[in-house]
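Dear colleague,

I am passing on the structure we spoke about, and I would be glad if you could look through it alongside the notes that follow.

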Amino acid sequence: MYPSGLVASSWNGTAKVILDKNDKVVDDTVWLNFYHDYYEDGSPKWVLITSPQDMLPAGFKYHNGNGTLCLIGEFDEETDTFTERHNQSIDYGIDFYAPQTVVTPDGRRVMIGWMQNWDTCNSSTAERSWFGQMSLPRELSVKNGRLYQKPIRELEALRSSKVEHQDVTFSGNITLDGVKGRRVDMELEIRPGDEENVYRKFAVRFAQNDQFYTVLSFHPGDSVMKIDRKFSGSRRALIHQRRALVNSENGKLKLRIILDRFSVEVFVNDGEQVITATLYTDQAADGIAFLADGSVNMDVVKYDLSGDESR
């Protein structure tokens, strides 16, 4: 049995990990996940997943407030000593907190998180009959000392109505035939239309109509990606933007964007980073549009996701 644990904060502000090998709750503190895996060379590693509160920002890696934190390293079971080798944010978006992990019967480590944060808990309205949801289950792996996340593979069984556009070169604003919807699984591969003159900005808008949209944008000059939902229909002064520094070589980027009726989850570069946000836009806003400042060449594969229409 692997040890479970808790994170507690002492009076001087330092965090301590309390391991409990008997799986008992020993304090009213924040749960963590502590699990065993292997590096690519077969040597053992341990992954510590927790959700700190009231964080200070650190560049684009960690944002203010309630965040998610992953530590990867080695654990000495003789001395109960964990040696950190790498740390990272788990999700770089607005709404992802308190993740939990399980192991599937076939041995996959799967994580699911609360798609909300404590700073938005009082933003519900009387007109809305529900509040809060969970993320898609995500399969976890560690590559090059970094936590990777991919949508659970069973999601692919819900795909239908495939639409594919290959080798699309454009600048300005475009829409593509058959690319629309609010329950969508969409894969994008983006590259410069002109290798000698890399585009200055790429963006995709979704949940869009004449009034509303949410936008995901990328600037290759500084390799910064941003999610922005301020035009999604919110009437509250909440957090509407987050930025992340992503890996891109000469403007090349892979994205998998999964839209549910009230959320978006963006998996960057095969799950190297993830950006999650809720959005409460009217369901009639189902447009998807692409924007480029400069010449962009892209491949787009889009699927509809089936669901229960009665919910």
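Is Thr68 buried or exposed? Please keep in mind that this is a predicted model. Thr68 has a relative accessible area of 2%, and because buried means under 20%, Thr68 counts as buried.

As for its setting, Thr68 sits in the loop that runs between strand 4 (44-50) and strand 5 (69-76). Leaving aside residues up to four places away in sequence, Thr68 touches Thr50, Ser51, Pro52, Tyr62, Gln88, Ser89, Ile90, Asp91, Phe96, Tyr97 and Pro99. Two of these neighbours also appear in polar contacts with the Thr68 side chain: the backbone nitrogen of Ile90 is reached at 3.4 Å, while a polar atom of that side chain lies 3.3 Å from the backbone nitrogen of Asp91.

Backbone geometry is the other topic. Most residues other than glycine have a negative phi. Ala98, which belongs to strand 7 (residues 97-103), nevertheless has a positive phi, near 50°, and with a relative accessibility of 32% this alanine is partly exposed. Asn250 likewise is not a glycine and has a positive phi, of about 55°; Asn250 is found in the loop between strand 16 (241-245) and strand 17 (253-260), and its relative accessibility of 35% makes it partly exposed.

With best regards

Definitions and conventions: Residues numbered from 1 in each chain as written. Predicted model: local features only at pLDDT ≥ 70, side-chain atom pairs only at ≥ 80, totals over all residues. Heavy atoms only, no water. Helix = DSSP H or I, 4+ residues; strand = E, 2+ residues; numbered from the N terminus. Buried < 20%, exposed > 50% of the residue type's maximum accessible area, 1.4 Å probe, protein only. Polar contact = N/O pair within 3.5 Å; in protein donor to acceptor, adjacent residues only side chain to side chain. Contact = heavy atoms within 4.5 Å.
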